[in-house]
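Good morning, and thank you for the time. I should like to take you through one structure, and I ask that you keep the view open while I speak.

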Amino acid sequence: MPFFKLFKSYESEATKFIAELKEKNPQLEEQQRAGRALLWDKAPLNLDTTARDKDSRVKQQPYVYQNH
């Protein structure tokens, strides 16, 4: 009998915890997707606008608090 078939029914503590958590809160995955969309899923950058923004910045002097 192959080794991997012996442990096919094994379920780790972490897997059991996550399954129990999802069972208690069915909206959990939907909330995770909404959080991901809020923080990570962004529209693609427009390279023309990015270059224009970079070129239009005022260069900062080496010592900010010195008056000229």
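**From the start of α4 outward**

Let me begin at the start of α4, where a side-chain oxygen of asparagine 46 comes to within 3.1 Å of the backbone nitrogen of aspartate 48. Before going further, I should state that this is a predicted model. Helix α4 itself covers residues 47-55, and zero of its nine residues are buried, so the helix lies largely in the open.

Now to the chain as a whole. It contains four helices and zero strands, and from the N terminus the order of elements reads α-α-α-α. Of its 68 residues, 1% count as buried. The chain exposes about 7,400 Å², and carbon and sulfur atoms supply 58% of that area.

A word on confidence is in order. The mean pLDDT of the chain is 86, and 88% of the residues reach 70 or more. Confidence is highest in α2, at a mean of 95, and lowest in helix α1, residues 3-6, at 63. Where pLDDT is low, the predicted coordinates should not be read in detail.

Let us turn to helix α2, which spans residues 13-24 and includes leucine 21. Leucine 21 belongs to a nonpolar patch on the surface, together with Phe17 and Ile18. The three residues have about 290 Å² of accessible area together. Why does leucine 21 count as partly exposed? The reason is its relative accessible area of 36%, because the partly exposed class runs between 20% and 50%.

Next, the charged side chains. How many salt bridges does a search of the whole structure find? The search finds five, and I shall describe three pairs, including one between lysine 22 and glutamate 29. In that pair, the closest N and O atoms are 3.2 Å apart. Both partners are partly exposed: lysine 22 has a relative accessible area of 37%, and glutamate 29 has one of 32%.

Glutamate 29 also forms a salt bridge with arginine 33, at 3.5 Å from N to O. Glutamate 29 and arginine 33 both sit in helix α3, residues 28-39, and are four residues apart, about one turn of the helix. Arginine 33 is exposed, with a relative accessible area of 56%. Through shared partners, the salt bridges join Lys22, Glu29 and Arg33 into one network.

Another salt bridge joins the side chains of arginine 36 and aspartate 41, with 3.1 Å from N to O. Aspartate 41 is partly exposed, at 39% relative accessibility.

Finally, the aromatic residues. A search of the whole structure finds one aromatic pair. Its members are tyrosine 63 and tyrosine 65, whose ring centres lie 6.1 Å apart. Which geometry does the pair adopt? The ring planes stand at 70 degrees, so the pair is edge-to-face. Are these two tyrosines buried or exposed? Both tyrosine 63 and tyrosine 65 are exposed.

To close, I would leave you with three places to revisit in the view. One is the nonpolar surface patch of Phe17, Ile18 and Leu21. Another is the salt-bridge network of Lys22, Glu29 and Arg33. The last is the edge-to-face pair of tyrosine 63 and tyrosine 65. Thank you for your attention.

Terms used: Residues numbered from 1 in each chain as written. Predicted model: local features only at pLDDT ≥ 70, side-chain atom pairs only at ≥ 80, totals over all residues. Heavy atoms only, no water. Patch = residues over 30% accessible without salt bridge, like charges linked within 9 Å, V, L, I, M, F, W, Y side chains within 5 Å. Areas by Shrake-Rupley, 256 points an atom, 1.4 Å probe, with all protein chains shown as cover. Salt bridge = Lys/Arg side-chain N within 4 Å of Asp/Glu carboxyl O. Helix = DSSP H or I, 4+ residues; strand = E, 2+ residues; numbered from the N terminus. Buried < 20%, exposed > 50% of the residue type's maximum accessible area, 1.4 Å probe, protein only. Phe/Tyr/Trp six-rings, centres within 6.5 Å; stacked < 30°, edge-to-face > 60°. Polar contact = N/O pair within 3.5 Å; in protein donor to acceptor, adjacent residues only side chain to side chain. pLDDT = per-residue confidence, 0-100.
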